[in-house]
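Open the structure in your viewer and keep the selection tool at hand. The stops below come in the order in which to select them.

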Amino acid sequence: MNSLRRLGQYVLDSVEGLGRASLFFLEVASGARKLIRRFDLVVQQVFAVGVLTLLIILVSGLFVGMVLGLQGYNTLSKFGAADSLGLLVALSLVRELGPVVTALLFAGRAGSALTAEIGLMKATEQLAGMEMMAVNPIERVIAPRLVAGIISMPLLAALFSAIGVLGGQLVGVGLLGVDSGAFWSQMQSGVSFHEDVLNGVIKSLVFGVVVTWIAVFQGYESVPTSEGVSRATNRTVVYSSLAVLALDFVMTALMFK
Amino acid sequence: MSTTQTDPGVSGALVEIRNVHFARGERTILNDLSMTIARGKVTAIMGGSGCGKTTLLNLIGGRLRPSSGQVLVDGISVPDLGTRDLFELRKRMGMLFQNGALLTDLDVFENVAFPIREHKHLPESILRHVVLMKLETVGLRGARELMPAELSGGMARRVALARTISLEPMLVMYDEPFTGLDPISKGVIAKLIRELNTGLGITSVLVSHDVADTCAISDYAYLMGQGRIIGQGTPQEIRQSEAEEVRQFVDGLPDGPVPYRYPAPDYLEDLLQGGPA
């Protein structure tokens, strides 16, 4: 009986949390309208969440592309289709790995940093101090970070895919001897801008919203102690990773038939 | 002692708290509390930790709403204000937080400039003048390029004070301004509170549990205990009060109306019970 009650409590808490997160999102979104006049705040945050995440994205993209080149070649050459390596690498990256791996890395690097930063600002009364200075922290602190996350994610995913393709080419053409012309031309003819590239961009936009939303919400809701902030950071990474993977499945099912 | 009482001899009240009740869940924090804060004076609110002093400041600042009762600041009922009006009112009041609450990503100059940049569109040269004047007031004009992490506790609080007065508020609330400071820094803060009060005519509310430092600079004092007022008067009157609760606090007695022991079952029974607690 007790465990049933706990389950019920857990469900109630989850639903309540989801409701709070939704209201929070609406509040941030309405605060974001005022950022048109204060776009400098967004630019600062694009640097913090986007530019500073660049290195890990680029290095990971390169290696993921290289691994795709290796694995793809091994499989394709069994069917004598090694010429299609370029297509395989590009489609895998643009449709799936680019948006998904970028979102996972983004959650680990930028999302956790956002949560910790906002949580610590709360713990050190910086947010309360702003409120008392008649500055709304939702508009001044949260909204620029959310907007910056949404802007950065598709750009990072695009860079991930681009450098991944180069990595695949490096291994496929440079190392394994796939014909360079075939590699690029197969890619050119097989990848559709609307079907593949645009859908990938939509995916990463959705991931950008969800991951940054989770990160800023967890920071803003965190218990203002060192343990509370560490738990919130933890939750950001776990929740956003799960959300990204689940949403990816749903979007893939809807997008690619 | 918790009925409405005004300090005689003061022309007007800037803050009036009438029969305020505030509870967090089951726990009553403020119980039918009434208090008047006179315009242009330094009013101290003293009391032990957890007696609801900071809650009171948050009620005045509109960060919390009372379950019942009235909170009036300059004649405006704070709990009834919408966000926009509340923010307008807050531009006229400042709050100094216990640890300063400086923005850690901005240097001293930018911290003091922050509220001005957010609310007023001043040309950069005038802004610089205003900020340097505020910093000079607290004696830290030379520290303008330091980051908050490079400041001592006392300096951080002085920078925060400069920031608090940067919009020239009518009311400044100090939340435990002396806690954790060395005697010199305490003296500096006390001097600044007094000077800002007389020099700029700022009404000051000083929340503290430090009897000596607080009494030295305040015009009127309230003593709180368990969510209500247990004593009030000039610092002199508080010191000479005969009330048992006031005496315990002023003299720092370990046991009295505020018990030394946390409520617990009978000691012997507790020991004899055995097994893990």
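**Helix pair in chain B**

H3(B) passes H5(B) in a right-handed crossing (the near helix is turned clockwise from the far one by less than a right angle; anticlockwise would be left-handed). This is a predicted model, in which local features need pLDDT of at least 70 and side-chain atom pairs count only at pLDDT 80 or more, while totals for chains, interfaces and linings use all residues. Residues are numbered from 1 along each chain as its sequence is written, and chains are lettered from A and ligands numbered from 1 in the order in which they are written.

Select residues 108-119 of chain B for H3 and residues 153-164 of chain B for H5. Helices (H or I, at least four residues) and strands (E, at least two) are DSSP runs, numbered from the N terminus. The two helix axes come within 8 Å and cross at roughly 30 degrees; axes are lines fitted to C-alpha atoms, for helices over the stretch in contact, with angles from 0 to 180 degrees between N-to-C directions. H3(B) is therefore roughly parallel to H5(B) (angles under 35 degrees).

**Strands in chain B**

Next, select residues 13-24 of chain B, strand S1, and residues 27-38 of chain B, strand S2: they pair in the antiparallel sense over eight bridges (pairing takes at least two DSSP bridges). Within this pair, Glu16(B) stands opposite Thr36(B). Move to the hairpin, where two residues lie between the strands and Gly25(B) has a positive phi near 65 degrees.

Finally, add residues 68-73 of chain B, strand S4, which runs antiparallel to S1(B) and is joined to it by five bridges. Here Ile17(B) has Val71(B) as its bridge partner.

Conventions. Parallel < 35°, antiparallel > 145°, perpendicular 65-115°, else oblique.
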